[in-house]
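Let's take a walk through this one together, starting with the overall layout and then heading inside. Have the model open and ready to rotate.

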Amino acid sequence: MSRKTEFGAWTSFTPFEKQFWEIKQNHFDTVLFFQKGKFYELYENDAQIGHSEFDLKLTDRVKMKMVGVPESSFQFWAAKFLAKGYKVGRVDQAETQLGAEMRQAATKGAKGKGAAAAAGDKIVRRELNKVLTNGTLVDPELLQDEQAGHCVSIRETEEEGEFGICVLDASTGEFNLSSFKDDVVRTKLETIMRQIRPKELVYSKGNLSIATTRLLKVLLPSNCLWTPLSRSEGLSFDKTLEELKALYPPESSDNDGMEDDNSWSSGVPEAIRNFIENETAIESLGSMIWYLRQLNIDKDILTQKNFNVYDPLQRGKGLALDGQTLSHIEVLVNSEGTEEGTLLRLLGRCVTPFGKRLFRIWICNPLQDVKAINERLDAVQDLISHPEIETSFNKIVSGIPDLERIVSRVHAKSCSIKDFLKVLSAFEDLSKGLANLAEMSEDFDNKSVLGLLRQAPDLKKNVKRVKSFFNVQDDLLVPSSDDVDEAYCEIQTEINQLEEKLEKKLNGLKSDLGCKDLSYWHSATGTKDIYIVQVPVNKKVSVPKDWTKHGGTKAITRYTVPLLASTIRALKEARETRTGIVRDFKLRVFAEFDTDRDVWLRAVKVTAEMDCLLSLAKASEALGSPSCRPEFIEDAGHAFVEFENLRHPALELNMKKDFIANSVKLGGQHPNVALITGPNMGGKSTVMRMTAAGVIMAQMGMLVPCESAR
């Protein structure tokens, strides 16, 4: 097609068609849902996909193919498209039809009466809200489970084996950055992928080596979305640094005239500063920033500044469980790709969503420091001895929402008012509950639990401060006083005056027509039909000729009254203005809540850790007898492990007949290696897995299913 022909086609498009293609041209790989009133509609190729995949009725609207779904069922249909592996974009109306008319009138008044409005200004404005992918979901209706859903950006150097990794959990806004030189079999890369099991992989075409690509195809779940970036997409090392300086400028408290090199010490999160000289890590972050920008969710997530350093093996900090260990011992998933029979399923008995996510991290990174292990064991034994703590904790968190994710949504200003009110009440109850648990734990033999609970902040003042800004009216947040929002007060006064004026006019009509039973009718859907005059049929009222019939029932007839038109129009515009003010005020309330974000998340962290400790206590009790507290010898001078009559925890709980226990002694006075022989299905693999599971359980800080453990 020639440029002349293309231009000719473009000039023949309707304003809406131009609006559609202006948005679609940057998102050809995305199914776009366009909001039109109370419906979301798909056009052209997107409509064809909806028809072929889900048998949605295909129609031709003017020159465009179209399918539509009700606005209320958007989440349902978005989930269906996502399950098929499509990206889903939501294009929302940025204004109502009345708002568009008000804008056009204001524009015309500003330009002069003779000025003509541009074609694009004649229709309702629409904007891309966000693009949804399986790895970047935030909406609670679309999230499939309580575990984190990760999107991973990966970068490999030209010399194979050196990687930069950026891991994002979009639902909580948490980034984890990592960079490492891997061995020839990609041990660290395999460990990361097995630990997080990403739902989406972002990579540059031609960047990953053949060996890395083959490994990822084996490791990643079958439903993982592979998102390739071309050479022109993503951000280079230098451009990423420029972008970071723009995103996180130096804080105002810094000295003026600070050199560029030192400016990294202020606004940029510390985790990023640790990698600022690492080209692969920064480029992986740059690809992630660029990708989030294409999805239109970059500001919501990046402004949270929730960046951490990710060390997959944590050598020197914890028990190193590499990818092969996680696989063979079936820590997170079994050989069939499910959690059935895994250590995570067996030991993970948390009751809060954020506790479940933290426990997954605990089981992948058992402790190494003997003092820390013993402190956790002390806490677990105290909780076993005082079952009333578990009962009280369960009452506190019963029905609690996913606070960690909702706090992130409040920051992104995408939280519903219902969830916002729920989270305020939850934090208020949580603060009281944790304080009561702290009092109950004061008499414990050890102070581990008390020390944890005392870290929980008192949230009473924080909740009270946020609540002081607003009242709830018709499921909306409105200013609590004139001092909070003067503009709302002014427009509400204008609305009240207009409504009073309409009531007075109705009384005048009653007097003129001699009928006291005249009344107003308002449509239950939308705001178009309001203040329609109702006349009882049995009164036989002679209505003026300029009244226009507007439907009715057997008992009444409804009329549109010209006398009221100008006042009704003024009222509609005032209410539209109030809607905008209330919407802006809601964002102000969310911003006030977000100023205490660190405080809210500290309370969530304490609750999650308490949940994990109770999970270890419940799992320890479920092991039955015999079970014991493991003993750690710090000054032995050499590594050793001794289990007396050890049983595999999964077999212990799931087998109906007795399981034959085995004693395992390695190192110290015994050989460092034991050779196990026997027939097929004789239990050789079970003994090895059992020993490894015993070590993991001991270093997690819980009881072990044996008579003694050293």
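How many Å apart do the C-alpha centres of domain 1 and domain 4 lie? Keep in mind that this is a predicted model. The chain splits into four pieces: domain 1 (7-107 + 120-132), domain 2 (142-250 + 265-309), domain 3 (335-469 + 601-610) and domain 4 (640-709). Between the C-alpha centres of domain 1 and domain 4 there's a gap of 60 Å.

Now for the inside. The largest nonpolar core has 73 residues, and the members touching the most others are Leu347, Ile363, Phe420, Phe427 and Phe593. Helix H23 (residues 597-622) chips in the largest share, 13 residues. Domain 3 and domain 4 both contribute to this core, so it sits between them. Separate from it is another core of 44 residues, including Ile123, Ala170, Val268 and Leu285.

Zoom in on Phe420. Setting aside neighbours within four places in sequence, Phe420 contacts Val410, Cys415, Val466, Phe470, Leu477, Val589, Phe590 and Phe593.

One of those partners, Val466, takes us to helix H20 (residues 460-467), where Val466 is buried along with Asn462 and Val463. Looking down the axis of H20, the buried residues fall within an arc of 95°, so they line one face of the helix. What do they pack against? Helix H18 (417-440), strand S13 (470-473), helix H22 (562-594) and H23. Flip to the face of H20 turned away from that buried side, and you'll find Lys460, Lys461 and Lys464, which are exposed.

How values were computed. Residues numbered from 1 in each chain as written. Predicted model: local features only at pLDDT ≥ 70, side-chain atom pairs only at ≥ 80, totals over all residues. Heavy atoms only, no water. Core = buried A, V, L, I, M, F, W, Y, C linked by side-chain atoms within 4.5 Å. Buried < 20%, exposed > 50% of the residue type's maximum accessible area, 1.4 Å probe, protein only. Helix = DSSP H or I, 4+ residues; strand = E, 2+ residues; numbered from the N terminus. Domains from an automatic or database assignment. Contact = heavy atoms within 4.5 Å. Arc of directions from axis to C-beta.
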